[in-house]
Amino acid sequence: MAKKGRVFSGARPTGRQHLGNYLGAIKNYVAMQDEYDCVYCIVDVHALTTVKTTEDLKLNTTEMALDWLAAGIRPEDSILFVQSHVPQVMELHTYLSMVTQLGKLTDLPTFKEKIRQQPDNVNYGLLGYPVLMTADIVLYKTDVVPVGIDQAPHVEFAREIVRSFNYRYHTKVLIEPQVKHTEVLKVLGIDGQEKMSKSLDNHIELASPPQETIRRVKEMVTDPARVKRTDPGNPDICNVFTMHKILSPQDEVEMINVECRRAGIGCVDCKLRFANNLNKHLEPFRAKRAELASQESYVQEVLNEGSKRARAIAQQTMTEVRDAMALP
Ligand code: SF4
């Protein structure tokens with residue numbers, strides 16, 4: 001089947017992935033492979049804007065790639081690579097920075113938010129982040145970028161930079177990426193309050209042993225009004241029920257929806273059911289992960305091969321870019 005075009009998406013190397021990563025992004029990455037040429041990048045250079053040390057970067061990159069591959073990213077179809085392995089992106093970033101107005105970058109809400117988050121480390125990389133992101137996208141002649149509705153302004157900003165570049169150099173060499181709206185599932189952590197995240201330690205790791213998954217699920221916050229087993233609950237405000245709806249069989253979901261409201265099922269039993277369903281769901285993933293991990297240097301080979309393919313596209317783009325700019 002002819003593919004609809006090229007998709008690009010990048011994520012920071014955060015190490016072992018959790019359920020939020022899986023439901024919010026990886027699942028979609030896997031599905032898109034059937035329709036698009038997919039380029040998936042582990043953006044280690046972007047990570048440098050916030051990390052204090054690089055000692056975990058290599059391990060985090062490998063662990064994350066391993067999870068993506070075990071979840072179904074097919075390296076024979078898709079390009080999976082590490083951002084810093086394609087140095088052309090830094091060159092393109094520099095050229096694009098010359099057509100990007102400083103005021104626009106300092107005005108971006110994301111930049112202001114970063115200043116708030118790390119006032120003692122307001123580095124240039126934070127400011128230039130959207131320019132480097134644009135370079136990531138256009139270097140690979142990307143047609144579409146899958147984003148949730150709240151991320152769409154970032155792609156719009158990239159489109160503006162592309163238009164500025166093409167206008168300045170009277171060219172059409174850079175492609176304006178289109179937004180592919182995807183429903184990004186916001187998965188709450190086990191605290192039931194914040195988005196699932198490793199840094200908040202409210203996550204459920206995909207590759208954990210089943211017993212550890214059960215332990216984490218047992219910690220999940222439920223309907224706070226349900227103090228005693230005999231108190232009726234409200235599944236509509238319970239994160240455990242939200243998770244059941246995503247991963248448990250329909251008849252079980254319906255049963256919980258009824259029984260919770262009349263205290264026919266207790267939270268301990270309800271959570272255990274979810275943990276068991278989750279473990280069952282993750283069984284093939286965990287088996288494949290273990291198999292891939294046992295093949296020494298497999299992940300490294302995939303990343304090297306992906307980088308080689310990415311560099312070939314990047315080299316071609318940069319030849320065209322330099323020509324368009326009439327560089328000596
Ligand atoms: S029984 Fe299940 S859905 Fe109801 S409050 Fe407890 S954990 Fe939530």
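These legends describe close-up views of a predicted model.

**View 1. The ligand and its shell.** The ligand takes up the space of the largest cavity. Around the ligand stand Thr 222, Asp 223, Arg 226, Pro 235, Cys 238, Val 240, Phe 241, Ile 256, Cys 260, Cys 267 and Cys 270. Eight residues of this shell are nonpolar, one is polar and two are charged. Helices H10, H11 and H12 each supply at least two residues of the shell.

**View 2. Cysteines beside the ligand.** Cys 238, Cys 260, Cys 267 and Cys 270 are among the residues around the ligand. How many disulfides does a search of the whole structure find? The search finds zero. A disulfide would be a covalent bond between the sulfur atoms of two cysteines. Cys 238 has a relative accessible area of 10%, so this residue is buried. Cys 260 is buried too, because its relative accessibility is 11%.

**View 3. Helix H10 and its packing.** Helix H10 covers residues 239–247. Which residues of H10 are buried? They are Asn 239, Val 240, Phe 241, Met 243, His 244 and Leu 247. In an α-helix, residues three or four places apart point the same way, because there are 3.6 residues a turn. The buried residues of H10 pack against three helices: H1 (19–32), H11 (250–261) and H12 (267–294). Val 240 and Phe 241 also appear among the residues around the ligand.

**View 4. Phe 285 in helix H12.** Phe 285 belongs to helix H12. Its relative accessible area is 9%, so Phe 285 counts as buried. Beyond its neighbours up to four places away in sequence, Phe 285 touches Asp 67, Ala 70, Ala 71, Leu 206 and Ala 207. Take Asp 67 as one of these partners. Phe 285 and Asp 67 are 218 residues apart in sequence. In space, their C-alpha atoms are 8.2 Å apart.

**View 5. Ile 313 in helix H13.** Helix H13 spans residues 298–325 and holds Ile 313. Is Ile 313 buried or exposed? Ile 313 is buried, because its relative accessible area is 17% and the cut-off for burial is under 20%. With neighbours within four places in sequence set aside, Ile 313 is in contact with Arg 6, Ile 79, Leu 139 and Tyr 140. Val 86 lies 227 residues from Ile 313 in sequence. The C-alpha atoms of Ile 313 and Val 86 are 10.0 Å apart.

**View 6. Leu 80 in strand S3.** Strand S3 runs over residues 79–82 and includes Leu 80. Leu 80 is buried, because its relative accessibility is 2%. Which residues is Leu 80 in contact with, leaving aside its neighbours within four places in sequence? They are Tyr 40, Ala 65, Trp 68, Leu 69, Val 302, Leu 303, Gly 306 and Ser 307. Val 253 gives another distance: 36 Å from Leu 80, C-alpha to C-alpha. These two residues are 173 places apart in sequence.

**View 7. Thr 182 and Glu 113.** Thr 182 sits in the loop between strand S5 (178–181) and helix H9 (210–218). This threonine counts as buried, because its relative accessibility is 15%. Thr 182 touches Asn 28, Pro 146, Val 147 and Gly 148, not counting residues up to four places away in sequence. Glu 113 lies in helix H6, residues 109–117. Glu 113 has 34% relative accessibility and so counts as partly exposed. How many Å separate the C-alpha atoms of Glu 113 and Thr 182? The separation is 24 Å, with their places 69 residues apart along the chain.

**View 8. Loop residues with positive phi.** Most residues other than glycine have a negative phi. Asp 201 has a positive phi, near 55°. Where does Asp 201 lie? Asp 201 is in the loop between S5 and H9. Asp 201 is partly exposed, because its relative accessible area is 48%. Ser 297 also has a positive phi, near 60°. Ser 297 lies in the loop between H12 and H13. At 39% relative accessibility, this serine is partly exposed.

Definitions and conventions: Residues numbered from 1 in each chain as written. Predicted model: local features only at pLDDT ≥ 70, side-chain atom pairs only at ≥ 80, totals over all residues. Heavy atoms only, no water. Disulfide = S-S within 2.5 Å. Buried < 20%, exposed > 50% of the residue type's maximum accessible area, 1.4 Å probe, protein only. Helix = DSSP H or I, 4+ residues; strand = E, 2+ residues; numbered from the N terminus. Contact = heavy atoms within 4.5 Å. Near = heavy atom within 4 Å. 1 Å grid on protein atoms, 1.4 Å probe; cavity = no way out; pocket = protein on both sides within 12 Å on 5 of 7 lines; lining within 4 Å. Sits in = over half its atoms within 2 Å of the grid points. Nonpolar A, V, L, I, M, F, W, Y, C, P; charged D, E, K, R; others polar.
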